Amino acid sequence: MLNLPLWKRVVIWGVCALAVLFAVPNLFYARVEGHNDALTTIARSGETPVAVAARDAWPGWMPSGLVNLGLDLRGGAHLLAEVHLEDVYTARMDGLWPELRDALRDARDSVGTIRRQPAPPGVLRVQISNPEGMAAAIAAARTLARPVVTLTGVGSNDIQVTGEGAVLNVTLSDAEKQATDDRTIQQALEIIRRRVDEVGTREPTIQRQGADRILIQVPGIGSAAELKALIGTTARLTFHPVISRTTNGDQAPGARNMLLPAQDEPGVFYVLEQTPVVTGEELTDAQPGFDQNGQPVVNFRFNPTGARKFGDYTVNNVGAPFAIVLDDEVVSAPRINEPIRTGSGQISGNFTVEEATNLAVLLRAGALPAELTFLEERTIGPELGADSIEAGKIAAIVGGVAVLAFMAASYGLFGIIANVALVLNITMIFAVLSVIGATLTLPGIAGIVLTIGMAVDANVLIFERIKEELKTAKGPARAIELGYERAFSAILDANVTTLITAAILFFMGTGPVRGFAVTLGIGIITSVFSAIFVTRLIIAIWLARRRPKTIVV
């Protein structure tokens, strides 16, 4: 077991060398070309002349990724947003209107003609010309009711239908409003998370507060304004029939129509039907690209339902203009030259490459289900983080020195070898954090400090086992070999169970809990590598050179 083949030795030393190479940039301040964030150190207590010189002298071809610091260490942006749930109620009624219209048309003999009337959010109000047919109208509307499905099971119907004189009122039930609120907030949480943390390593805190508010905290963002620009756009994409084009911004659009400005044509407005033909919710993909003139565009593709709606409309409206609307602005209004049955299209405008890329990201993430109003915004400086880092440094140093002293005093030369592996273990943790771009939070520092204490457990088990083997009068080499072999299963079992716990914390937790789980999980893997493979290689080299007749552990 101690006669390690050359390729294993090369792999072990290669991993250690790469760990040092990727961890070293964390000692300095640096700025990488094309990266907007200043690369920071764990100390972050000030930039000394030595650090400045090291930063300027750092080779450009060397690894330069750094550990990202969390909001509690690095500072960042804090937002408290209110979700306009009434927008969702209105959209729900707009979506129900075509079905209700068709149902009432089937009962035209009893209800007469119908006309939709203005109503508050969550109410669909229809006037019928024959009040005597109200009972038939109510019966037709109630056929559209669906049971409300919640986590506790199936509840009451989603709509309530009443009649008053010649006016039919369809409202969302209280149960449906509650279910809609929960779905909307959950969807907004997920979409904001995808926009803010598309890669998954920034560790933002995004959680619901109260009935209609969302707390957003993102580390490393330069200002609250920057965060608002990232998530404040609803990216609501809709496609509407065009009624007319005008330069009069005060023109009355008419019932069930709307007047929207053109994005790239100042002073130009479009009168559109309010109910969209298809929406961005029916998109399956959006990618930046270039048109035949080399201008940046966004190519999109609908799902089967959206493709069918889009195709049916273009078949029946060849020659008519069709408006592509993004966040209440008409991006373009191309004319339908032929039926489009492929379910794909293109959004063109005066985009830069960056704008087209960002729009594609927003469309892929999905539109926010409702508008957000930011009630509170703060930019958090790193001063508190500097104090936390200093406290974490002290804790890590005290814990590390205590462990190093204990191992050296208890196991002599073997303890010193374990200490070398411990230092390499901490180096590997920071190297992995740097490579994956993970965020280090204050609980993450706690995970590293905990790893320092846990990392030598494997060596303690191995060294104690070697002591037992030496008592059977075996030679040093054989005792060491058996010590590693017979301690391996216990080491593996102990670390696998801890790794499972770290994985559960990561997938089930949020924010600080995930930060702790990340460093703990990485520390478990690196500690097993350093305790078993690194120490064994160092001991094998020492045995080959010294060839001792006896050893003391």
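# A tour by selection, starting at helix 6

Select helix 6 and look at the face turned away from its buried side: the exposed residues there are Ala-135 and Arg-142. Exposed means over 50% relative accessible area, buried under 20%, and partly exposed in between, with a 1.4 Å probe and protein chains only. Helices are DSSP runs of H or I with at least four residues, strands are runs of E with at least two, and both are numbered from the N terminus. This is a predicted model, in which local features need pLDDT of at least 70 and side-chain atom pairs count only at pLDDT 80 or more, while totals for chains, interfaces and linings use all residues. Residues are numbered from 1 along each chain as its sequence is written, and side-chain values use heavy atoms, with hydrogens and water left out.

**Helix 6, buried side**

Stay on helix 6, residues 134-142, and colour Met-134, Ala-137, Ile-138, Ala-140 and Ala-141, which are its buried residues. They lie on the same side of helix 6 because they cover an arc of only 165° around the axis, the arc being that of the directions from the helix axis to the C-beta atoms. Now show what covers them: helix 4 (85-106), helix 5 (108-111), strand 4 (123-128), strand 7 (159-164) and strand 8 (167-172) are included.

**The sheet under helix 6**

Select strands 3, 4, 8 and 7. In that order, 3-4-8-7, the four strands form an open sheet with antiparallel pairing; two strands pair if DSSP finds at least two bridges between them. Strand 3 (114-117) and strand 7 stand at the edges with a single partner strand each, so one side of each has no neighbour in the sheet. From one strand to the next, the twist averages 25°.

Next, pick out strand 4 and strand 8, an antiparallel pair with five bridges. Label Leu-124 and its bridge partner in strand 8, Val-170. Helix 6 packs on this sheet, touching strand 4, strand 7 and strand 8, and its direction makes about 170° with that of strand 7. Contact means heavy atoms within 4.5 Å. Axes are lines fitted to C-alpha atoms, for helices over the stretch in contact, and angles run from 0 to 180 degrees between N-to-C directions.

**Arg-108**

Go to Arg-108 in helix 5. Is Arg-108 buried or exposed? Arg-108 is partly exposed, with a relative accessible area of 47%. Add Ser-129 to the selection: Arg-108 and Ser-129 are 21 residues apart in sequence, and C-alpha to C-alpha they are 9.8 Å apart in space.

**A second open sheet**

Select strands 9, 10, 2 and 20. These four strands form an open sheet in the order 9-10-2-20, with antiparallel pairing. Strand 9 (205-209) and strand 20 (372-380) are the edge strands, each pairing on one side only. Neighbouring strands of this sheet are turned by 15° against each other on average, direction ignored.

Strand 9 and strand 10 (residues 213-219) pair in the antiparallel sense over five bridges. One bridge to label joins Thr-205 to Gln-217 in strand 10. Then add helix 8 (residues 224-231), which packs on the sheet and touches strand 2 (76-83), strand 10 and strand 20. The direction of helix 8 makes about 145° with that of strand 20.

**A hairpin**

Select strand 17 (residues 322-326) and strand 18 (residues 329-332), which pair in the antiparallel sense over three bridges. Val-325 has Val-330 in strand 18 as its bridge partner. The two strands form a hairpin with two residues between them, and in the turn Asp-327 has a positive phi of about 50°.

**Helix 15 and its crossings**

Show helix 13 (residues 457-470) and helix 15 (residues 512-546), whose axes come within 10 Å and cross at roughly 50°. That makes helix 13 oblique to helix 15; angles under 35 degrees count as roughly parallel, over 145 as roughly antiparallel, 65 to 115 as roughly perpendicular and the rest as oblique. At this crossing, Ala-458, Asn-459, Ile-462 and Phe-463 in helix 13 meet Ala-531, Thr-535 and Ile-539 in helix 15.

Swap helix 13 for helix 12 (residues 442-455): the axes of helix 12 and helix 15 come within 8 Å and cross at roughly 25°. That makes helix 12 roughly parallel to helix 15. The contact includes Gly-444, Gly-447 and Ala-455 of helix 12, and Gly-515, Gly-523 and Ser-527 of helix 15.

End on Ser-527 in helix 15. Ser-527 is buried, with a relative accessible area of 6%. Leaving aside residues up to four places away in sequence, Ser-527 touches Asn-425, Ala-455 and Asn-495.
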